[in-house]
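Thanks for sharing this one. Here are a few notes to read alongside the coordinates.

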Amino acid sequence: MSLPRVHGACRGAGDPRHSVRSLAAVKAPAVHLRFSPSVLPEAAENLRSEVRRLLEDTRARGVWFAEGLSWWGRNPELSRALGGAGFIGMTWPRRYGGAERSQLERYVVTEELLAAGAPAAFHWFADRQIGPSILRYGSEAQKRRFLPPIARGELSFAVGMSEPDSGSDLASIRMRAERVDGGWRLNGSKIWTSYAHVAEYCVALVRTEPKSDKRHAGMSQVIIDLRNSNGITVRPIIDLPGRHDFNEVFFEDTFVPDDCLLGNPGDGWAQVTSELAYERSGPERFLTNFHLLRALVDALDGSASPAAQREVGLLVSRLWALRAASVSVAASLEAGETPNVESALVKDLGTNFQQEVPEIVRRLVAAEGIDDRNLLDILRQVVLAAPSYTIQGGATEILRGIVARGLRLR
Ligand SMILES: Cc1cc2nc3c(=O)[nH]c(=O)nc-3n(C[C@H](O)[C@H](O)[C@H](O)COP(=O)(O)OP(=O)(O)OC[C@H]3O[C@@H](n4cnc5c(N)ncnc54)[C@H](O)[C@@H]3O)c2cc1C
């Protein structure tokens, strides 16, 4: 078997879009994965101290405390403080409440929230994917109505994609939206809908036309007011760590007005898939349990055996490589590209890394005789949460399928 040929792998090579040519090149036309070496600009790095200061101040005032499950915690007060400082919707135009900052500046803020273990779920989905979708596909009225309160940290959204028999195979969704006078009537259900029991709105992918030979046709996105719409039942699902974060949501003749259709009828598939690059490549795919690694280093406190030092060194170097790949995807998003294959790769590598961290920490705790309450508390929660990393936002096999297709290996 011939090895892949590597082009322009080091910074400063002639081609500004350094790339790695895949094995597929052997039997198919050239396919490139684009991971351009990217460095966060000074303006982005300068934000770091501002975010840290805000997090320290709010923590000192008792607004929040670090939870073992990292950003999955939901804290409206912290989100409002972040919104007030311009750290939510920060890439959006000012007229919609944004700060007109770059994706790379947003990246730094996200990194700092994760590194601190700050509970950010209240604004997370709206900031990461719903807001950008509204900005891209929404009407002027929707932008004015939803984006400013999201950016202020006052409005929380749930993501309604998965259904009981449609997770990985999202195109098989059955929830229907039928045309009625002045709007749409919804029937069906969604599952694993994180925070639907507390969020104000949900953006759901629904079928506005019956299934046809064209698998991806006939779907649309609707914005549903979860608090004030008729016919909605939300049932809790308790997860492995014992938390009530996600739900099953039933819709029975629920009415949504015309002005809550997001984008054009029938464009739903293109719209949700364009959200995925944002959903998959962010630092949450490799930094969600950074606090565990940090607690391990604190607990070892300079007394680690050579074997433990080697393990920690390997983890940190992998983390750094993942970060470089993820920053590169962020730069590509900033350039207006849609790096879906690269995002899938970062998510796969990152979430597998995150699952290995608690396993390695568990081994080191035993081998090094560590008895540190903080580390063991975090480890216990992370062990229970870790199986979800490779499922949410696209399961491993699905991501590898996307990468294989992107490389024309299948
Ligand atoms: C913590 C968490 C939060 C979530 N939050 C949300 C949310 O807010 N909103 C939302 O809509 N969804 C949410 N989800 C759902 C998530 O997106 C789905 O669980 C995910 O897409 C997988 O779908 P599924 O659970 O139906 O599994 P399935 O699709 O049934 O997959 C089960 C297994 O089969 C494998 N598999 C499936 N199809 C194939 C194939 N063709 N080839 C090879 N292998 C295959 C999968 O890789 C997986 O390992 C959340 C999930 C988790 C874990």
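1. Confidence first: the protein has a mean pLDDT (the predictor's confidence in each residue, from 0 to 100) of 90, and 92% of its residues reach 70 or more. Over residues 1–26, however, the pLDDT is below 50, and beyond near neighbours in sequence this stretch has 38 contacts in the model; a contact is a pair of C-beta atoms, placed from the backbone, within 7 Å. Where pLDDT is low, the predicted coordinates should not be read in detail.

2. Ground rules: this is a predicted model, where local features need pLDDT of at least 70, side-chain atom pairs count only at pLDDT 80 or more, and totals for chains, interfaces and linings use all residues. Residues are numbered from 1 along each chain as its sequence is written.

3. The ligand: 18 residues surround it, and G167, S168, S194, A395 and E397 come nearest (C-beta atom, placed from the backbone, within 6 Å). Domain 3 (160–269) and domain 4 (282–406) each supply at least three residues of this shell; the bounds come from an automatic or database domain assignment.

4. The core: F157, C202, V222 and L292 have the most contacts inside the largest nonpolar core, which has 102 residues. Such a core is a set of buried Ala, Val, Leu, Ile, Met, Phe, Trp, Tyr and Cys residues joined through C-beta atoms within 7 Å, and buried means 20 or more other C-beta atoms within 10 Å of a residue's own.

5. One core residue up close: leaving aside neighbours within four places in sequence, L292 touches V357, P358, V361, I378, L379 and V382.

How values were computed
Buried ≥ 20, exposed ≤ 12 C-beta atoms within 10 Å, placed from the backbone. Contact = placed C-beta atoms within 7 Å.
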